[in-house]
Amino acid sequence: MARGNQRDKAREKNQKAAASVKSKNSMSGTEYQREKEKVAAIMLAKQKAAEEKKAAGGGAGNK
């Protein structure tokens with residue numbers, strides 16, 4: 001019984017660490033698909049804006 005407190009402290013520490021670890025996706029299929037489409041639309045808008053800026057001569061140059 002001498003290790004009881006040590007075991008409890010270790011368990012608390014491990015539970016705290018496990019709680020801070022990023023979990024897997026908790027969205028349903030339709031929610032996940034909607035989020036993907038939203039992000040894709042944002043990226044397309046950014047790409048279009050960058051291409052327009054580049055076509056206007058405001059680009060920083062090619063890498």
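**Exercise 1. Find the partner of Glu35 and place the pair in the fold.**

Step 1. Start with exposure: Glu35 has a relative accessible area of 32% and is partly exposed. The class lies between buried (under 20% relative accessible area) and exposed (over 50%), with a 1.4 Å probe and protein chains only.

Step 2. This is a predicted model: local features need pLDDT of at least 70, side-chain atom pairs count only at pLDDT 80 or more, and totals for chains, interfaces and linings use all residues. Residues are numbered from 1 along each chain as its sequence is written, and side-chain values use heavy atoms, with hydrogens and water left out.

Step 3. Glu35 forms a salt bridge with Lys38, at 3.8 Å from N to O. The rule asks for a side-chain nitrogen of Lys or Arg within 4 Å of a carboxyl oxygen of Asp or Glu.

Step 4. Both residues sit in helix α2, three residues apart, so about one helical turn separates them. Lys38 is partly exposed too, at 48% relative accessibility.

**Exercise 2. Analyse the salt bridge of Arg11 in the same way.**

Step 1. The partner is Asp8; the closest N and O atoms are 3.3 Å apart.

Step 2. Arg11 and Asp8 lie three residues apart in helix α1 (residues 4-20), so the separation is about one helical turn.

Step 3. Check exposure. Arg11 is partly exposed at 44% relative accessibility. Asp8 is partly exposed, at 36%.

Step 4. Tally: the rule gives two salt bridges.

**Exercise 3. Test the length of each helix against its expected span.**

Step 1. Helices are DSSP runs (H or I, at least four residues), and strands are E runs of at least two; both are numbered from the N terminus. The protein has two helices and zero strands.

Step 2. The expected span is 1.5 Å times one less than the number of residues.

Step 3. Take α1. Its 17 residues should span 24 Å, and the end C-alpha atoms are 25 Å apart, which agrees.

Step 4. Take α2 (residues 29-55). Its 27 residues reach 38 Å from first C-alpha to last, close to the expected 39 Å. Just after α2, Gly57 takes a positive phi of about 90°.

**Exercise 4. Decide how much of the protein is covered.**

Step 1. Begin with α1: one of its 17 residues is buried, so the helix is hardly covered.

Step 2. Widen to the protein. Of its 63 residues, 2% count as buried.

Step 3. Add the surface. The protein exposes about 6,300 Å², and carbon and sulfur atoms supply 54% of it. Areas come from the Shrake-Rupley method with a 1.4 Å probe; for residues, only the protein chains shown count as cover.
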